[in-house]
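This report describes a single protein model, with attention to its fold elements, its nonpolar contacts and its charged contacts. The sequence and structure are shown first.

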Amino acid sequence: MRKLFILLVLLMTVCTTVFAEPGEKKEARRARKDSIKVAEMVGAHRKGTKIKLDGIVLTPEQQTLLLSNIDSLDFNPEWAAYKKQRHLGNGLAIGGSVLVGAGAAAEVVALGYVMVGVLVAALTLGQADMNEILKPAGYWATGGLVAAGVGAGVMAVGIPIRVKADKNMKVICEGYNNATVRVESSVIFGTTASGIGLSFNF
């Protein structure tokens, strides 16, 4: 009886551990996500081609003011250049994906021609002129492969351009967060007669 009791206690302990782990892992993941959200609410962070300061997306004027003095340097020209690079990378990636999609569609059309050719050959017992049916399939297949190859190449160029631009924008934001000389958020978000806007406090 005593052994049975000990065995039941051990089984309950093991079951509790097994079923408790997923919940604990879930809580740990949730806590990690919450801490990331809190971190993103403090300081400057990139949001697309804009900047979010203390959880608020800045207007173009506020963003220009923030970038104008990071350790006594004006980063507005660099940000504008990285913004252009990001748009270029996005355009190349989207264009490349469209070409890959068009290539895949062309391959489907080519396959359709082949299937029609097989069906016609079966119905005519091989008497039909297969060249006239299968020649378009070759054109579609070749065009599809070329389009997909070019699209993949364009995407391979565009994605790194965007990633590099994003990384450089992030570096600028981190530079603001760690700067000893910078425009303070009280100036950027200073109240004006018309509400929230730009103000210089002396």
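The sections below proceed from the overall architecture to individual residues.

## Model and architecture

The structure is a predicted model. The protein contains 5 helices and 5 strands. Along the sequence, these elements occur in the pattern α-β-β-β-α-α-α-α-β-β. Of its 202 residues, 22% count as buried.

## The largest nonpolar core

In soluble globular proteins, nonpolar side chains tend to be buried together. In this model, the largest nonpolar core comprises 19 residues. Within this core, the residues that touch the most other members are I51, L53, L66 and I188. Two or more residues each are supplied by β2 (50-53), α2 (60-67), α3 (76-123), α4 (130-178) and α5 (185-188). The most is given by α4, which provides 4 residues.

## A nonpolar patch on the surface

Nonpolar side chains also occur at the surface, where L111, V114, M115, V118 and L134 form a patch. Together these residues have about 450 Å² of accessible area. Helix α3 contributes the largest share of the patch, namely 4 residues.

M115 is one of the patch members and is located in helix α3. Is M115 buried or exposed? Its relative accessible area is 54%, and the threshold for an exposed residue is over 50%; M115 is therefore classed as exposed.

## Salt bridges centred on D166

The model contains 4 salt bridges. A network of such contacts links R46, R86, R162 and D166. Two of the pairs that involve D166 are described here.

In one pair, the side chains of D166 and R46 meet with an N to O distance of 3.5 Å. D166 lies in helix α4 and R46 in strand β1 (residues 44-47), so this salt bridge ties together parts that are 120 residues apart in sequence. The two partners differ in accessibility class: D166 has 14% relative accessibility and counts as buried, whereas R46, with a relative accessible area of 29%, is partly exposed. The classes follow from the cut-off, because buried means under 20% relative accessible area.

In the other pair, R86 and D166 meet in a salt bridge with an N to O distance of 2.5 Å. This contact links distant parts of the chain, with R86 in helix α3 and D166 in helix α4, 80 residues apart. Both R86 and D166 are buried.

## Contacts of R182 and the aromatic residues

R182 takes part in a salt bridge with E184, in which the closest N and O atoms are 3.6 Å apart. Both residues fall in the intermediate accessibility class: R182 is partly exposed at 27% relative accessibility, and E184 is partly exposed at 38%.

The charged end of R182 also sits over the ring of Y176, at 4.7 Å from the ring centre. How many aromatic pairs are found in the whole structure? The search returns 0 aromatic pairs.

## G158 in helix α4

G158 is found in helix α4 and counts as buried, with 0% relative accessibility. The C-alpha atom of G158 is separated by 9.5 Å from that of H87. These two residues are 71 residues apart along the chain.

## Positive phi values in two loops

Most residues other than glycine have a negative phi, and most peptide bonds are trans. Which angle does D54 adopt, as a residue other than glycine? Phi of D54 is near 50°, a positive value. D54 is found in the loop between β2 and β3 (56-57). At 33% relative accessibility, D54 counts as partly exposed.

S72 likewise has a positive phi, of about 65°, although it is not a glycine. The loop between α2 and α3 is the place of S72. With 55% relative accessibility, S72 counts as exposed.

Definitions and conventions:
Residues numbered from 1 in each chain as written. Predicted model: local features only at pLDDT ≥ 70, side-chain atom pairs only at ≥ 80, totals over all residues. Heavy atoms only, no water. Phe/Tyr/Trp six-rings, centres within 6.5 Å; stacked < 30°, edge-to-face > 60°. Lys NZ or Arg CZ within 6 Å of the ring centre and 35° of its normal. Core = buried A, V, L, I, M, F, W, Y, C linked by side-chain atoms within 4.5 Å. Buried < 20%, exposed > 50% of the residue type's maximum accessible area, 1.4 Å probe, protein only. Patch = residues over 30% accessible without salt bridge, like charges linked within 9 Å, V, L, I, M, F, W, Y side chains within 5 Å. Areas by Shrake-Rupley, 256 points an atom, 1.4 Å probe, with all protein chains shown as cover.
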